[in-house]
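Student: I would like a close look at a single part of this model, taken slowly and with its surroundings. Could you take me through the charged pairs and then what lies around them?

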Amino acid sequence: VLEKYGAKCSLFDIGSQNLSDGTILALPPILFANLGEDPRKKTICIYGHLDVQPAALEDGWNTEPFKLIEKNGKLYGRGATDDKGPVIGWINVLEAFKTCNIELPVNIKFCFEGMEESGSVGLESALQHNRDWFKVKFLSYCVTYTYTRYAVNLYSQDVLYCCISDNYWLGTRKPCLTYGLRGLSYYSVEITCASQDLHSGIHGGAVHEAMSDLVYLLNNLVDKSGKILIPHVYDQVAPVTDAERGLYDNLDFDA
């Protein structure tokens with residue numbers, strides 16, 4: 001479809017997965033597309049993903065999740081918002097510009113993958129392999145998690161901005177531009193106690209148990225309001241400004 005609007009497209013093979021029953025499953029390739037090479041224009045990179053989480057009627061859906069249904073002016077289906085809908089939205093933009101015979105004001109590079117919901121398998125290596133395609137001097141793969149959401153940061157002379165087209169409007173009447181997400185940090189904790197099993201009737205209560213120590217340790221990480229209690233963890237967190245707080249006043253949020 002992108003080629004219909006003049007984009008140059010290529011597919012990057014990310015390999016296959018060996019299933020437990022011996023089946024070899026080919027993983028969906030990553031689509032790279034380039035639309036426009038005008039040196040007078042700025043270049044943006046659009047990221048999106050085409051895969052979705054599993055869904056079934058018994059999960060609580062009112063319609064078949066993998067059949068797009070229009071109801072009361074809204075579209076229902078798995079991926080309508082995350083993330084097939086936003087990807088199609090960009091295609092609609094290209095269609096609108098072409099129909100109205102309006103020249104695109106920017107060059108666009110597209111990066112669409114099919115493994116985002118499974119940890120973006122192969123994306124980092126694909127980006128590194130295509131450094132020249134992005135004309136990148138320095139490229140980093142910055143993972144920011146909201147559920148399993150990923151963001152790709154590109155620093156280059158060519159790509160000026162990267163738009164992660166994988167988020168939501170808070171309502172239905174006003175466009176929403178998300179410029180920051182919460183993230184997750186993963187840690188492993190190992191508690192060492194006795195070197196052998198001990199009889200609970202004899203040693204219980206007298207010897208520290210790993211489970212009790214772990215519960216105590218985890219209980220000291222946050223308070224009841226969710227504030228992180230680890231020393232200095234907030235040292236590099238920028239405070240919310242009055243201007244940022246003011247943005248909430250005009251949010252068109254459907255509660």
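Tutor: Glu103 is exposed, with a relative accessible area of 55%, and in this predicted model Glu103 forms a salt bridge with Lys41, the closest N and O atoms lying 2.6 Å apart. The pair links distant parts of the chain, since Lys41 sits in the loop between β4 (30-35) and β5 (43-49) while Glu103 belongs to the loop between α1 (84-99) and β8 (107-113), a separation of 62 residues. Side chains of opposite charge can pair when their charged atoms come close.

The structure holds three salt bridges, and a second one joins Asp158 to Lys109 with 3.5 Å between the closest N and O atoms. This pair, too, links distant parts of the chain, with Asp158 in the loop between β10 (153-156) and β11 (159-164) and Lys109 in strand β8, 49 residues apart. Unlike the exposed Glu103, Asp158 and Lys109 are both buried; Lys109 counts as buried because its relative accessibility is 4%, below the 20% limit for that class. The side chains of Lys109 and Asp158 are also listed as joined by a polar contact of 3.5 Å.

The remaining salt bridge runs between Asp38 and Arg40, whose closest N and O atoms are 2.9 Å apart. Here the two partners fall into opposite classes, for Asp38 is buried at a relative accessible area of 15%, whereas Arg40 is exposed at 75%.

The loop between α1 and β8, which holds Glu103, also contains Asn101, a residue other than glycine with a positive phi near 55°. Asn101 is exposed, with a relative accessible area of 72%. A similar description applies to Asn72, in the loop between β6 (69-71) and β7: its phi is positive, at about 55°, although Asn72 is not a glycine, and it is exposed with a relative accessible area of 75%. Most residues other than glycine have a negative phi, and most peptide bonds are trans. With that in mind, the peptide bond from Asp82 to Asp83 deserves a look, being cis with omega near 10°; Asp83 lies in the loop between β7 (74-76) and α1.

Asp83 in turn leads to Ser165, a residue of the loop between β11 and α4 (200-203). Leaving aside neighbours within four places in sequence, Ser165 is in contact with Ile46, Tyr47, Gly48, Asp83, Pro86 and Trp90, and a polar contact of 2.9 Å joins the side chains of Ser165 and Trp90. Ser165 counts as buried because its relative accessible area is 11%.

Ile46, one of the residues that Ser165 touches, brings us to the nonpolar interior. The largest nonpolar core has 15 residues, and those with the most contacts inside it are Leu2, Leu35, Ile46, Leu94, Ile108, Phe110 and Phe112. The elements that each give two or more residues to this core are β4, β5, α1 and β8. These are also the elements that flank the two loops joined by Lys41 and Glu103. Leu35 shows how the core is connected to its surroundings, for, residues up to four places away in sequence not being counted, it touches Tyr5, Gly6, Ala7, Leu94, Leu104, Asn107, Ile108 and Phe110. Apart from the largest core lies another, of 13 residues, among them Phe12, Ile14, Ile30 and Phe32. In soluble globular proteins, nonpolar side chains tend to be buried together.

Some nonpolar side chains in this model nevertheless lie on the surface, where Leu218, Leu221, Val222, Ile228, Ile230, Val233, Tyr234 and Val237 form a patch with about 620 Å² of accessible area together. Ile228, in the loop between α5 (210-219) and α6 (242-247), counts as partly exposed because its relative accessibility is 32%.

For the chain as a whole, there are six helices and eleven strands, and 27% of the 255 residues count as buried. The chain exposes about 18,400 Å², of which carbon and sulfur atoms supply 55%. Among contacts between residues at least 6 apart in sequence, 60% join residues at least 24 apart, and the bridges Lys41 to Glu103 and Asp158 to Lys109 are links between distant parts of the chain.

Terms used: Residues numbered from 1 in each chain as written. Predicted model: local features only at pLDDT ≥ 70, side-chain atom pairs only at ≥ 80, totals over all residues. Heavy atoms only, no water. Patch = residues over 30% accessible without salt bridge, like charges linked within 9 Å, V, L, I, M, F, W, Y side chains within 5 Å. Areas by Shrake-Rupley, 256 points an atom, 1.4 Å probe, with all protein chains shown as cover. Salt bridge = Lys/Arg side-chain N within 4 Å of Asp/Glu carboxyl O. Helix = DSSP H or I, 4+ residues; strand = E, 2+ residues; numbered from the N terminus. Buried < 20%, exposed > 50% of the residue type's maximum accessible area, 1.4 Å probe, protein only. Contact = heavy atoms within 4.5 Å. Core = buried A, V, L, I, M, F, W, Y, C linked by side-chain atoms within 4.5 Å. Polar contact = N/O pair within 3.5 Å; in protein donor to acceptor, adjacent residues only side chain to side chain.
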